Amino acid sequence: NAAPSVDLQADQSSGAAPLDVTFDAVASDDGTIVNFEWDFDGDSLFSEAGNGEDLAEGNPGPTQTYVDTGPVTAAVRVTDDLGASATDTLDILVGSDPLVNLTATPDSGNKPLEVDFAADASDDGTITDYEWDFDGDAFFNEADNGEDLAQGNPTATFTYTEAGSFSPTVRVTDDTSAFTDDSVTIQVNNQSPVADSQANPT
């Protein structure tokens with residue numbers, strides 16, 4: 001009897017806590033797979049009570065919710081009808097949402113108004129991307145207004161040529177694919193009319 005084989009997969013392997021991970025243990029054998037045992041927390045102990053491993057036993061595709069941040073190595077052990085077994089592991093990275101504070105200078109004035117933006121971001125991991133929505137339309141990285149050119153930069157400059165109130169937004173993403181948005185309000189006014197100092201006397 002040859003040992004079974006198993007390939008442990010998941011719908012996602014990184015993200016912010018609480019992170020729901022649905023596993024998929026793809027197993028094959030020359031006989032019959034009779035059991036799936038799980039080690040969700042990476043302590044090399046399978047089917048422990050109290051963390052859902054015992055409830056997942058026998059299930060090739062359980063879902064586990066990770067609430068603690070940090071890396072963890074999940075594992076599955078499959079056993080066939082002759083007692084042979086095989087194990088596979090998968091690294092899971094659980095992070096927290098990054099923090100970001102967006103500032104704009106100036107935040108009001110007459111058109112055309114050139115505004116300098118700065119995104120001050122922090123994270124328990126690494127910030128991997130900055131995405132910009134200058135016009136506040138909830139679409140990031142648009143090519144027709146320079147948002148795409150600012151992607152990846154923590155600072156950006158945009159000139160508002162139309163009057164109105166705008167809510168530009170920055171989105172920061174970390175190495176677990178967790179992201180956070182922050183917005184400011186920009187008020188752009190029409191230029192005040194210039195008085196004619198050479199008006200003809202009456």
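This passage describes the strands, nonpolar cores, aromatic pairs and unusual backbone positions of a predicted model.

Three strands of the model form an open sheet in the order 1-3-5, with antiparallel pairing. The edges of this sheet are strand 1 (5-10) and strand 5 (63-66), each of which pairs on one side only, and the twist from one strand to the next averages 30°. Between strand 1 and strand 3 (residues 19-28) the antiparallel pairing extends over six bridges, and within it valine 6 has alanine 27 of strand 3 as its bridge partner. In general, the strands of a sheet pair through backbone hydrogen bonds, in either a parallel or an antiparallel arrangement.

Further antiparallel pairing involves strand 4, strand 6 and strand 7. Strand 4 is joined to strand 6 (residues 70-80) by six bridges, the two strands running antiparallel, and here aspartate 39 has alanine 75 of strand 6 as its bridge partner. Strand 6 also pairs with strand 7 (residues 85-95), again in the antiparallel sense, over 10 bridges, with isoleucine 92 of strand 7 serving as the bridge partner of valine 72. The hairpin of strand 6 and strand 7 has four residues between the strands, and in this hairpin glycine 83 adopts a positive phi near 90°.

The largest nonpolar core contains 20 residues, of which Phe117, Trp132, Phe134, Tyr160 and Ile186 touch the most other members. At least two residues of this core are supplied by each of strand 8 (99-105), strand 10 (113-122), strand 11 (127-133), strand 12 (155-160), strand 14 (169-174) and strand 16 (186-189), and the largest share, four residues, comes from strand 10. Apart from this core lies another, of 19 residues, whose members include Phe40, Ala56, Val76 and Leu90.

Among the residues of the largest core, phenylalanine 134 has contacts that, when neighbours within four places in sequence are left aside, comprise Phe117, Asn145, Gly146, Glu147, Ala150, Ala156, Phe158, Tyr160 and Pro168. Phenylalanine 134 has a relative accessibility of 2% and therefore counts as buried.

The structure holds nine aromatic pairs. In one of them, phenylalanine 117 and tryptophan 132 are tilted with respect to each other, at 6.0 Å centre to centre and with 45° between the planes. Because phenylalanine 117 lies in strand 10 and tryptophan 132 in strand 11, this pair ties together parts that are 15 residues apart in sequence; both phenylalanine 117 and tryptophan 132 are buried. A second example is the stacked pair of phenylalanine 134 and phenylalanine 158, with 4.8 Å centre to centre and 20° between the planes. Phenylalanine 134 is placed in the loop between strand 11 and helix 2, whereas phenylalanine 158 belongs to strand 12, so the pair ties together parts that are 24 residues apart in sequence. Phenylalanine 158 has a relative accessible area of 16% and is therefore buried. One aromatic cluster is formed by Phe117, Trp132, Phe134, Phe158, Tyr160 and Phe166.

Asparagine 141 is also located in the loop between strand 11 and helix 2 (147-150). With a relative accessibility of 19%, asparagine 141 falls under the 20% limit and so counts as buried. Its side chain is joined to that of glutamate 131 by a polar contact of 2.8 Å, and, not counting residues up to four places away in sequence, asparagine 141 touches Glu131, Trp132, Glu147, Asp148 and Gln151.

Several backbone positions deserve separate description, given that most residues other than glycine have a negative phi and most peptide bonds are trans. A cis peptide bond, with omega about -5°, joins alanine 17 and proline 18, and proline 18 is placed in the loop between strand 2 (14-16) and strand 3. Another cis peptide bond, with omega about -10°, joins lysine 111 and proline 112, the latter lying in the loop between strand 9 (108-110) and strand 10. Serine 44, although not a glycine, has a positive phi of about 70°; serine 44 is found in the loop between strand 4 (33-39) and helix 1 (53-56) and is exposed, with a relative accessible area of 59%. Serine 177, likewise not a glycine, has a positive phi of about 70° and lies in the loop between strand 14 and strand 15 (179-183). At a relative accessibility of 51%, serine 177 is over the 50% limit and therefore counts as exposed.

Methods. Residues are numbered from 1 along each chain as its sequence is written. This is a predicted model: local features need pLDDT of at least 70, side-chain atom pairs count only at pLDDT 80 or more; totals for chains, interfaces and linings use all residues. Side-chain values use heavy atoms; hydrogens and water are left out. Two strands pair if DSSP finds at least two bridges between them. Axes are lines fitted to C-alpha atoms, for helices over the stretch in contact, and angles run from 0 to 180 degrees between N-to-C directions. A nonpolar core is a set of buried Ala, Val, Leu, Ile, Met, Phe, Trp, Tyr and Cys residues joined through side-chain atoms within 4.5 Å. Buried means under 20% relative accessible area, exposed over 50%, partly exposed in between (1.4 Å probe, protein chains only). Contact means heavy atoms within 4.5 Å. A polar contact is a pair of N or O atoms within 3.5 Å; within protein, one must be able to donate a hydrogen and the other to accept it, and residues adjacent in sequence count only if both atoms are side-chain atoms. Rings of Phe, Tyr and Trp (its six-membered ring) pair if their centres lie within 6.5 Å; planes under 30 degrees apart count as stacked, over 60 as edge-to-face and the rest as tilted.
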